[in-house]
Amino acid sequence: MSRAIIALICVSVMSTVARGQTPTDRVILERTACFGFCPVYTVEISRGGLVAFTGKAHVLKTEATRQIESTAFSSLISYLDREGFFGLDSSYTPGNPGCTHVMTDQPGATISVIDGVRTKQVKFYYGCRGDRT
């Protein structure tokens with residue numbers, strides 16, 4: 001998962017489409033540390049449109065919240081559906097299929113989605129380069 005994909009997810013949050021249901025439904029992006037000064041943070045987007053940022057290391061702010069249109073959550077879920085997120089393996093980390101070539105000291109990211117009856121979590125280590133076939 002590249003920075004471009006994460007940027008697309010964030011941009012998709014700003015677009016509009018459907019309606020929300022339960023307040024526990026959410027999408028969470030967690031960025032993990034690297035050997036250097038990579039930012040470590042969590043961004044959580046609730047179905048109701050609340051976006052919460054929690055910075056843990058190498059960030060300018062440690063907390064921030066914003067309210068966006070509640071339809072943005074459904075737009076994000078639709079985008080993830082279209083792009084095949086729910087069909088991805090649960091882990092692209094060293095020792096798992098899809099991570100056969102590894103560079104060390106890279107950050108990781110975990111995207112968790114709770115949407116009604118569906119729950120999906122995908123962990124990705126940026127040092128994974130997958131199969132080069």
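Let me begin with a working definition, since I will lean on it throughout: a residue counts as buried when its relative accessible area is under 20%, as exposed when that value is over 50%, and as partly exposed in between. Cys99, with a relative accessible area of 5%, is therefore buried, and I will come back to that cysteine when we reach the disulfides. Please keep in mind that what you see above is a predicted model.

Let me take the overall layout before the details. The chain has two helices and seven strands, and if you follow the sequence from its start, these elements come in the order α-β-β-β-β-α-β-β-β. There are 133 residues in the chain, and 40% of them count as buried. If we take the contacts between residues at least 6 apart in sequence, 53% of these join residues that are at least 24 apart. As for the surface, the chain exposes about 7800 Å², of which carbon and sulfur atoms supply 58%.

Now to the strands, and in particular to β1, which covers residues 26-31. This strand runs antiparallel to β2, residues 40-46, and six bridges join the two; as one example of the register, Arg31 stands opposite Tyr41 in β2. Strand β1 is also joined by six bridges to β6, residues 108-115, again in an antiparallel arrangement, and here Glu30 has Thr110 of β6 as its bridge partner. As a general reminder for reading this part of the model, side chains in a regular strand alternate between the two faces of the sheet.

That brings me to the interior. Which residues touch the most other members of the largest nonpolar core? That core has 21 residues, and the ones in question are Val27, Ile45, Leu80, Phe85, Ile111 and Val113. At least two residues of the core come from each of β1, β2, α2 (71-82), β6 and β7 (118-125), and the element that gives the most is α2, with six residues. In general terms, nonpolar side chains in soluble globular proteins tend to be buried together.

Let me turn to the disulfides, of which a search of the whole structure finds two. With the bonded cysteines counted along the chain, their pattern is 1-2, 3-4. One of them joins Cys34 to Cys38, with an S to S distance of 2.1 Å, and both Cys34 and Cys38 are buried. The torsion about the S-S bond of Cys34 and Cys38 is about 100°, and so this disulfide is right-handed.

The disulfide between Cys99 and Cys128 has its sulfur atoms 1.9 Å apart. What do these two cysteines tie together? Cys99 lies in the loop between β5 (91-92) and β6, whereas Cys128 lies in the segment after β7, so the pair connects parts that are 29 residues apart in sequence. About the S-S bond of Cys99 and Cys128 the torsion is about -80°, which means that this disulfide is left-handed. Cys128, like the Cys99 I opened with, is buried, its relative accessible area being 6% against 5% for Cys99.

Finally, the charged side chains, where the structure holds five salt bridges. In one of these, Arg47 and Asp25 meet with an N to O distance of 2.8 Å. Arg47 sits in the loop between β2 and β3 (50-57), and Asp25 in the loop between α1 (3-13) and β1, so this pair ties together parts that are 22 residues apart in sequence. Are these two partners buried or exposed? Both Arg47 and Asp25 are buried.

Another salt bridge joins Asp81 to Arg118, with the closest N and O atoms 2.8 Å apart. Since Asp81 belongs to helix α2 and Arg118 to strand β7, the pair ties together parts that are 37 residues apart in sequence. Both of these residues are partly exposed, Asp81 with a relative accessible area of 38% and Arg118 at 27%. Arg118 also forms a salt bridge with Asp115, where the closest N and O atoms are 2.9 Å apart, and Asp115 is buried, with a relative accessible area of 13%.

To bring these charged residues together, Asp25, Arg47, Asp81, Asp115 and Arg118 are linked in a network of salt bridges. As a general point, side chains of opposite charge can pair when their charged atoms come close.

Note on methods: Residues numbered from 1 in each chain as written. Predicted model: local features only at pLDDT ≥ 70, side-chain atom pairs only at ≥ 80, totals over all residues. Heavy atoms only, no water. Helix = DSSP H or I, 4+ residues; strand = E, 2+ residues; numbered from the N terminus. Buried < 20%, exposed > 50% of the residue type's maximum accessible area, 1.4 Å probe, protein only. Contact = heavy atoms within 4.5 Å. Areas by Shrake-Rupley, 256 points an atom, 1.4 Å probe, with all protein chains shown as cover. Pairing = 2+ DSSP bridges. Core = buried A, V, L, I, M, F, W, Y, C linked by side-chain atoms within 4.5 Å. Disulfide = S-S within 2.5 Å. Salt bridge = Lys/Arg side-chain N within 4 Å of Asp/Glu carboxyl O.
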